[in-house]
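Please look through the structure shown here, and then follow the paragraphs below, which go from single residues to the sheet and on to the aromatic rings.

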Amino acid sequence: MTEAPEREYWTAPEIWADDTVYIIGGGPSLLGMDLSLIHHRPVLGVNTAYTLGSWVDVTFFGDKLWWEQNYRKLLRHPGLIVTNNNWDYFGKIDRVKQMKRSHRAGLNWRDRKSTRLNSSHIPLSRMPSSA
């Protein structure tokens, strides 16, 4: 019996290694906020944050149902699209970069092949220093 080949996951490049990156959610609390100060800064938007404008550089999502409800409009957005959903379907869409879903909570700045969306808070004591 032969083993199935291991899935090829996307590795996030270090495109903003020395810059401040703004991470914004996609909830209704952003409506009406003046975000013009970050329009020319690196911006990672979660879920429907991409609808705020073409200045959202990266859209990250993890939910298959959310994808099914939003993919038509999302695929017209010019930014990078990233998911950690392990549905095989995403491996067949060139525009969607698929990362491995980490078992560690939070954003991991050391492992560029995996991430986790839920439980993504990071205690300030664990953040790397900027010095």
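A residue is called buried under 20% relative accessible area, exposed over 50% and partly exposed in between, with a 1.4 Å probe and protein chains only. This is a predicted model, in which local features need pLDDT of at least 70 and side-chain atom pairs count only at pLDDT 80 or more, while totals for chains, interfaces and linings use all residues. Residues are numbered from 1 along each chain as its sequence is written, and side-chain values use heavy atoms, with hydrogens and water left out.

With a relative accessible area of 10%, Asn85 is buried, and its place is in the loop between E4 and E5; helices (H or I, at least four residues) and strands (E, at least two) are DSSP runs, numbered from the N terminus. The side chain of Asn85 reaches the backbone oxygen of Gly62 at 3.0 Å, and a polar atom of that side chain lies 2.8 Å from the backbone nitrogen of Trp87. Both are polar contacts, that is, pairs of N or O atoms within 3.5 Å, where within protein one must be able to donate a hydrogen and the other to accept it, and residues adjacent in sequence count only if both atoms are side-chain atoms.

The loop that holds Asn85 joins two strands of an open sheet of 5 strands, which has the order E1-E2-E3-E4-E5 and parallel pairing; two strands pair if DSSP finds at least two bridges between them. Strand E1 (22–24) and strand E5 (96–98) stand at the edges with a single partner strand each, so one side of each is left without a neighbour in the sheet. Within the sheet, strand E2 (residues 43–46) and strand E3 (residues 58–61) run parallel and are joined by 3 bridges, and Val46 stands opposite Phe60 in E3.

The structure also holds 9 aromatic pairs, where rings of Phe, Tyr and Trp (its six-membered ring) pair if their centres lie within 6.5 Å, and planes under 30 degrees apart count as stacked, over 60 as edge-to-face and the rest as tilted. The rings of Phe61 and Trp67 have their planes at 15° and their centres 5.5 Å apart, so this pair is stacked, and both residues are buried. Tyr89 and Phe90, by contrast, form an edge-to-face pair, with 65° between the planes and 5.9 Å centre to centre; Tyr89 is partly exposed, with a relative accessible area of 35%, whereas Phe90 counts as buried at 1% relative accessibility.
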